[in-house]
Amino acid sequence: MPLLQARSLTRHFGGLAAVSAVDLSVEEGEIVGLIGPNGAGKTTCFNLLSGFLRPTGGTIVFGGEDITGFRPHQVAGRGLVRTFQLTTLFQDMTVRENVLLGMHLHSRQGLRRLLFGRQIFPPDEVTGSDEVLEFTGLAPQADQLAKNLPHGHQRILSIAMALAARPRLLLLDEPVTGMNLEESGHVMALVKTIRDRGTTILLVEHNMKAVMGTCERVVVLNFGLKLAEGTPAEVSTSAAVIEAYLGAGLQHA
Ligand SMILES: Nc1ncnc2c1ncn2[C@@H]1O[C@H](COP(=O)(O)OP(=O)(O)OP(=O)(O)O)[C@@H](O)[C@H]1O
Ligand SMILES: [Mg+2]
């Protein structure tokens with residue numbers, strides 16, 4: 001049984017079918033890419049899978065359990081954790097504090113900490129956060145305020161916060177957006193290492209070099225529908241996929 005299995009996933013916004021009868025499954029240990037032109041429904045899929053939006057139709061099974069309609073903290077509590085397309089950090093807290101909060105964002109205790117200000121974190125959590133900081137390469141910036149980090153490091157910090165929750169499945173929404181070649185190379189290497197350490201990855205990204213170099217399987221959305229699915233090589237030579245991207249490109253021209 002796949003780790004994640006969405007069947008006929010559907011979400012309407014008024015008359016718009018943002019996601020339409022999409023079947024999507026992810027096996028444990030895979031790195032799967034979810035791609036498609038702007039507005040194809042990728043982020044909406046993430047919102048549905050992570051409980052931030054309720055589906056209009058379809059089912060989501062994660063780790064053998066039907067999680068359709070679950071709230072975000074219930075989903076995250078089961079090990080399905082997402083990052084956001086726009087970086088969401090606690091700007092006035094340090095890098096280490098952000099990672100510590102990442103461990104608790106989905107729990108009541110974490111919420112209390114957020115509501116009632118800075119707390120002393122237990123030593124085992126500090127050790128855990130140091131491991132995440134070391135692993136993601138953010139250790140030298142641990143005591144800096146998040147708002148003072150350059151953009152690339154802020155994006156990495158949002159991944160570090162998600163990792164702190166110890167996900168079984170990590171949904172990454174455009175992790176290398178706005179990064180230079182060196183930074184995006186670092187992040188994609190990090191994604192592979194995260195997977196090698198036991199976390200399954202579903203990745204939304206427009207940077208095709210990053211997708212094709214990292215993902216073992218790619219699912220393509222277009223106008224809310226699943227257009228194609230296969231290996232990076234299969235998908236990148238599919239006439240339907242090329243046409244969808246060309247069409248999108250022409251619309252934006
Ligand atoms: N909350 C919402 N209310 C109304 N329409 C929405 C909402 N969220 C998304 N949409 C619409 O649903 C469609 C899919 O949007 P979505 O953000 O999922 O696309 P995407 O594939 O993530 O695009 P991008 O690559 O630009 O991030 C778009 O037409 C968008 O305008
Ligand atoms: Mg999006």
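## Contacts with ligand 1

A polar side-chain atom of T44 sits 2.6 Å from an oxygen atom of ligand 1, and that is a good place to begin a tour of this predicted model. N38 also takes part: one of its polar side-chain atoms is 2.8 Å from an oxygen atom of the ligand. G41 uses its backbone instead, with a polar atom there lying 3.0 Å from an oxygen atom of ligand 1.

How much of ligand 1 does the protein cover? On its own, the ligand has 640 Å² of accessible area, and the protein covers 62% of that.

## The shell around ligand 1

Let's step back to the residues around this ligand. There are 14 of them, and the closest are N38, G39, K42, T44 and H206. Sorted by class, the shell has seven polar, five nonpolar and two charged residues.

Two elements, β2 (16-26) and α1 (42-49), each give two or more residues to the shell. Helix α1 gives the most, with three residues.

## The magnesium ion

Ligand 2 is a magnesium ion. Which protein atoms serve as its donors? They are OG1 of T43 and OE1 of Q85, lying 2.0 to 2.2 Å from the ion. T43 belongs to helix α1, while Q85 is in the loop between β6 (80-82) and α3 (95-102), so the pair ties together parts that are 42 residues apart in sequence.

Are these two donor residues buried, exposed or partly exposed? T43 is partly exposed, with a relative accessible area of 24%. Q85 counts as partly exposed too, at 34% relative accessibility.

## Cysteines without a bond

The count of disulfides in this model comes to zero. Why is C45 not bonded to C215? The closest cysteine sulfur to that of C45 is the one in C215, and it is 15 Å away, which is too far for a bond; a disulfide needs the two sulfur atoms within 2.5 Å.

Both residues can also be described by their accessibility. C45 counts as buried because its relative accessibility is 0%, and C215 counts as buried at 5%.

## A look at K209

Our last stop is K209, found in helix α8, which spans residues 208-214. Its relative accessibility is 65%, so K209 counts as exposed; the cut-off for that word is over 50%.

How far is K209 from G102? In sequence they are 107 residues apart, and in space their C-alpha atoms are 29 Å apart.

How values were computed
Residues are numbered from 1 along each chain as its sequence is written. Chains are lettered from A and ligands numbered from 1 in the order in which they are written. This is a predicted model: local features need pLDDT of at least 70, side-chain atom pairs count only at pLDDT 80 or more; totals for chains, interfaces and linings use all residues. Side-chain values use heavy atoms; hydrogens and water are left out. Helices (H or I, at least four residues) and strands (E, at least two) are DSSP runs, numbered from the N terminus. Buried means under 20% relative accessible area, exposed over 50%, partly exposed in between (1.4 Å probe, protein chains only). A residue is near a molecule or strand if one of its heavy atoms lies within 4 Å of it. A polar contact is a pair of N or O atoms within 3.5 Å; within protein, one must be able to donate a hydrogen and the other to accept it, and residues adjacent in sequence count only if both atoms are side-chain atoms. Accessible areas come from the Shrake-Rupley method with a 1.4 Å probe; for residues, only the protein chains shown count as cover. Ala, Val, Leu, Ile, Met, Phe, Trp, Tyr, Cys and Pro count as nonpolar, Asp, Glu, Lys and Arg as charged, and the others, Gly among them, as polar. Donors are N, O and S atoms within 2.8 Å of the metal (3.2 Å for Na, K and Ca); water is not among the atoms, so sites may look incomplete.
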